[in-house]
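Where do the aromatic rings sit, and what packs around them? This report takes the rings and then the nonpolar cores.

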Amino acid sequence: MKKLRHKLVIKILIVAALLLISQQVLAQSWRPVRGGISFGISGMSVLSQKDNAVDFLIVHDNKQKNQGRLAIISIQGQESPVYFPIDWPNNTELPLDLEALTSIPGKSNSRFIAFSSAGKGYDIQLNPTNKTISLIKVFELAKIPPDSNFEGFTLQNIDGKLIAVWAHRGADKEPAIIYWGLFDLAKYQITPIGSAQIKVPFPTNNVRHISDIKVDAAGIVYITSASDTGDDGPFESAVYVAGYFGLSGDKITWKQNPQLFPLYRFKYHKIEALELVTGANGGLVVGTDDENLGGYIYTVGQDN
């Protein structure tokens with residue numbers, strides 16, 4: 001009987017050790033950036049990449065004066081991310097609740113538009129050498145529907161036309177809404193073209209149907225969805241292909257995916273940032289706003 005108990009204890013210890021190892025491996029795939037509620041990642045865009053190194057510019061959805069709005073994350077191979085805070089320019093109004101970030105197609109890698117939940121855009125120029133930014137222009141969406149809460153904004157060239165795509169996040173039974181239009185960068189004006197409603201099948205509770213959005217060069221639209229039950233979680237997230245944009249004659253057309261299914265699903269993290277990184281070492285990269293747990297970054301499908 002003692003031998004049987006001894007063998008049982010050994011088996012339990014082995015199983016516990018294996019579970020601990022598997023949890024550690026899983027944890028390593030998500031790289032912590034900074035801890036704390038003011039360091040969640042609500043939008044991200046590639047700043048530069050070379051070989052096995054990539055730098056991202058990120059935004060935080062902070063609202064207080066003493067909280068950061070921008071930062072650079074530098075990742076070298078499998079090393080932990082290095083975080084560099086970027087000060088907002090002096091003598092300019094601090095943005096509130098930045099929820100998205102996009103590069104500007106056709107411009108240098110240091111030109112971006114940050115976007116707030118209220119529909120206000122900030123055209124910024126980054127000096128990567130001294131890690132400072134200059135504010136070029138502030139603009140707002142026209143005719144914003146009541147109760148809108150935008151969590152995604154991106155730009156892409158579709159057959160020579162600069163398209164702006166932005167998204168109201170939705171909540172539970174209320175669908176998200178994707179909007180798109182032609183963007184005149186010289187005038188900072190968007191000519192609306194259309195909109196579409198989207199409800200995702202997962203997560204199922206406390207869901208924001210769109211927490212970020214990006215469009216690749218082929219016009220394919222990727223979205224993230226997230227469940228937010230409070231500052232301490234628990235969280236769940238997923239990545240979807242929502243549809244694609246194309247050109248019919250000289251008109252931009254939208255083809256929505258009629259049967260949404262999660263390309264990837266994640267427990268324990270609230271994804272609010274999405275970026276598409278080209279090249280052999282690239283992939284679909286997500287960032288999280290895990291509230292009190294801070295921000296994490298993960299390259300989907302990457303072995304760690």
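The text below covers ring pairs, charges over rings and core packing.

**Ring pairs.** The model is predicted. A search of the whole structure finds 14 aromatic pairs. In one of them, tryptophan 88 and tyrosine 122 meet edge-to-face, 5.7 Å centre to centre, with 85° between the planes. This pair links distant parts of the chain, 34 residues apart. Tryptophan 88 is in the loop between strand E5 (82-86) and strand E6 (98-103). Tyrosine 122 belongs to strand E8 (residues 120-127). Both residues are buried. Elsewhere, ring pairs join Phe115, Phe150, Phe153, Trp166 and Tyr179 into a cluster.

**Charges over rings.** Two basic residues lie over the face of a phenylalanine ring.

| Charged residue | Ring | Distance from ring centre |
|---|---|---|
| Lysine 131 | Phenylalanine 84 | 4.8 Å |
| Arginine 265 | Phenylalanine 202 | 4.4 Å |

**Nonpolar cores.** The largest nonpolar core has 23 residues. Val165, Ile178, Trp180, Val221, Ile223, Phe245 and Trp254 have the most contacts inside it. Elements giving two or more residues to this core include strand E11 (161-168), strand E12 (176-184) and strand E17 (251-256). Apart from this core lies another, of 18 residues. Its members include Ile104, Phe150, Leu162 and Trp166. Phe150 and Trp166 also belong to the ring cluster.

What does tryptophan 180 contact, leaving aside its neighbours within four places in sequence? Its contacts include Val165, Phe245 and Trp254, which are also among the core residues with the most contacts. Tryptophan 180 also touches Trp166, Pro192 and Ile252, among others.

Methods:
Residues numbered from 1 in each chain as written. Predicted model: local features only at pLDDT ≥ 70, side-chain atom pairs only at ≥ 80, totals over all residues. Heavy atoms only, no water. Phe/Tyr/Trp six-rings, centres within 6.5 Å; stacked < 30°, edge-to-face > 60°. Helix = DSSP H or I, 4+ residues; strand = E, 2+ residues; numbered from the N terminus. Buried < 20%, exposed > 50% of the residue type's maximum accessible area, 1.4 Å probe, protein only. Lys NZ or Arg CZ within 6 Å of the ring centre and 35° of its normal. Core = buried A, V, L, I, M, F, W, Y, C linked by side-chain atoms within 4.5 Å. Contact = heavy atoms within 4.5 Å.
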